[in-house]
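Q: I would like to learn how to read the empty spaces and the sheets of a protein model, one feature at a time. Could we work through an example together?

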Amino acid sequence: MFHYPTASLKPHREESLLGGHLWIFSGALQQPPHWIEAGGLVDVKSSTGKFVARGYYNSRTDIAIRILTRSIEEPIDIKFLRQRINNARELRQIFDPRQTDMYRLIHAEGDGLPGLVVDRYADILVAQIHTAGMERLRPLLINALMTETGVHGLLLRNDSQSRRREGLEVEEPVAVAGEVPSQVAARENGVQFLVDPWQGQKTGFFIDQRDKRQAIRKYIRGKRVLNCFSYTGSFSVYAALGSPTTSVTSVDISSPAIEIARQHFTLNKLELKAHQFVVADVFDYLERAQSTGEQFDVVILDPPAFAKTQSARMQALKAYRRLNTLGMQAVRPGGILLTCSCSGVVGLDDLLDVILQAAQRLHRSVQLLETHTHGVDHPVNLAMPETDYLKAIFCRVG
């Protein structure tokens with residue numbers, strides 16, 4: 001039997017853990033074990049001294065302990081990490097590598113490894129370590145990831161500002177195993193993309209929208225499509241592949257992203273002259289479209305997160321209302337609006353309410369067609385609904 005330093009809970013605070021939750025907030029602890037270094041492993045015990053779970057501790061954050069196991073017989077070692085990684089890898093075997101070889105391999109709490117995100121692009125892994133507990137396990141993680149996946153290279157992208165809350169340094173990307181090229185060719189549902197693992201957004205690509213990109217295909221045959229916040233044009237490529245008579249306008253504020261979008265069209269043998277690529281602020285573009293009366297058959301709104309903390313929630317909702325009002329004005333009567341949010345503090349009901357308010361303001365009817373959340377490679381622990389961050393809503397606008 002293995003033992004670690006102990007952190008004791010206040011009475012009845014173990015109930016959420018027994019229900020499957022993986023977080024313990026500082027206020028739930030009887031006497032926070034401040035002598036334990038940030039990220040140190042602890043055994044969590046109830047107020048009566050009974051073992052409840054094992055995880056890692058950080059006195060700097062509101063989430064004081066993140067749980068790794070509820071088994072007293074399971075030490076946190078290389079065997080433990082290899083087993084968790086293998087469990088995650090087995091789930092992703094649903095993907096046919098001839099069609100899809102880019103996906104999330106480790107989704108933090110959803111795969112039982114809080115603080116760790118790992119994305120796979122063909123034979124390359126890109127990992128992000130967000131917490132002090134995972135940082136202390138870094139050497140073992142690198143070993144376990146390379147052993148269990150057999151990839152050619154592993155890049156650490158520890159460049160997120162969220163690391164500062166954990167007392168960690170924000171680092172430059174570094175290849176910690178094998179070789180990682182500046183550009184990786186990968187496939188998603190048979191569509192080809194070029195991924196920049198070193199400098200691209202997130203770990204190089206927005207792979208969490210895979211199923212939404214697939215879903216948009218049935219709405220765009222022969223249509224005029226506007227893709228807002230297009231980044232490197234993933235939604236745009238899917239739309240253009242749907243029909244030779246489909247016309248797509250991609251709008252993003254980043255000139256380099258728009259240039260890569262062009263490359264993606266060429267890579268998938270799409271004629272550039274049939275489509276438009278616009279470098280512009282999306283709000284400015286939509287306001288100009290509103291002033292000229294320009295409309296599209298399909299409008300896609302996939303903005304970056306407008307709120308990353310609860311304190312920013314109200315301001316984010318205001319931004320979503322403005323964006324969706326402008327976006328809806330750009331949809332012709334009978335057209336399709338796809339609107340998305342990756343702000344964790346904005347729920348699906350919030351986004352539905354935003355759409356309804358925009359429709360009422362514009363005196364337009366809206367039919368709800370589909371709602372999407374996470375994909376299969378972004379599993380959510382059912383006991384932790386607060387970790388479900390992604391929403392996508394398909395509507396028909398009258």
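A: Let us begin with the second largest cavity, which holds about 30 Å³ of space; please keep in mind throughout that this is a predicted model. Its lining consists of Tyr 56, Asn 58, Thr 61, Ile 63, Ala 64, Ile 65, Arg 66 and Glu 166.

Q: How is such an empty space found, and which strand gives the largest share of the lining of the second largest cavity?

A: Rolling a probe the size of a water molecule over the atoms shows where empty space is left. In this case the largest share of the lining, four residues, is supplied by strand β5, which spans residues 63–69. Sorted by class, the lining has four nonpolar, two polar and two charged residues.

Q: How many cavities of 30 Å³ or more does a search of the whole structure find, and what lines the largest cavity?

A: The search finds two cavities of that size, and the largest cavity encloses about 40 Å³. Around the largest cavity stand Leu 116, Ala 127, Ile 129, Arg 138, Leu 141, Ile 142, Leu 145, Leu 154 and Leu 156, which by class are eight nonpolar residues, no polar ones and one charged. Helix α4 gives the largest share of this lining, with four residues, while β8, α4 and β9 each contribute at least two.

Q: Where does helix α4 lie with respect to the strands, and what is the order of the five-stranded sheet?

A: For a sheet, one reads the strand order and the edges before turning to the helices that pack on it. The five strands form an open sheet in the order β6-β7-β8-β9-β10, with mixed pairing; β6 (102–107) and β10 (174–178) are the edge strands, each pairing on one side only, and the twist from one strand to the next averages 20°. Within this sheet, β7 (residues 116–121) and β8 (residues 124–129) pair in the antiparallel sense over six bridges, and Val 117 has Gln 128 as its bridge partner in β8. Helix α4 (residues 138–149) lies across β6, β7, β8, β9 (153–156) and β10, and runs at about 145° to β9.

Q: What is the order of the open sheet of seven strands, and which strands stand at its edges?

A: The order is β15-β14-β13-β16-β17-β19-β18, again an open sheet with mixed pairing. β15 (276–279) and β18 each have a single partner strand, so one side of each is left without a neighbour in the sheet. Neighbouring strands are turned by 15° against each other on average, direction ignored.

At the β15 edge, that strand and β14 (residues 247–252) run parallel and are joined by four bridges, with Ser 250 of β14 bridged to Phe 277 in β15. Helix α10 (residues 348–362) packs on the sheet, where it touches β17, β18 and β19, and its direction makes about 25° with that of β19.

Q: Is Val 366, in strand β18, buried, partly exposed or exposed?

A: Val 366 has a relative accessible area of 32%, and is therefore partly exposed, a class that lies between the cut-offs of 20% and 50%. Beyond its neighbours within four places in sequence, Val 366 is in contact with Met 328, Ile 355, Ala 359, Cys 395 and Arg 396. The C-alpha atoms of Val 366 and Leu 356, ten residues apart along the chain, are separated by 7.6 Å.

Terms used:
Residues numbered from 1 in each chain as written. Predicted model: local features only at pLDDT ≥ 70, side-chain atom pairs only at ≥ 80, totals over all residues. Heavy atoms only, no water. Pairing = 2+ DSSP bridges. Axes fitted to C-alpha atoms, helices over the stretch in contact; angles between N-to-C directions. Contact = heavy atoms within 4.5 Å. Buried < 20%, exposed > 50% of the residue type's maximum accessible area, 1.4 Å probe, protein only. 1 Å grid on protein atoms, 1.4 Å probe; cavity = no way out; pocket = protein on both sides within 12 Å on 5 of 7 lines; lining within 4 Å. Points joined across faces, edges and corners; volume = space filled by probe spheres on them. Nonpolar A, V, L, I, M, F, W, Y, C, P; charged D, E, K, R; others polar.
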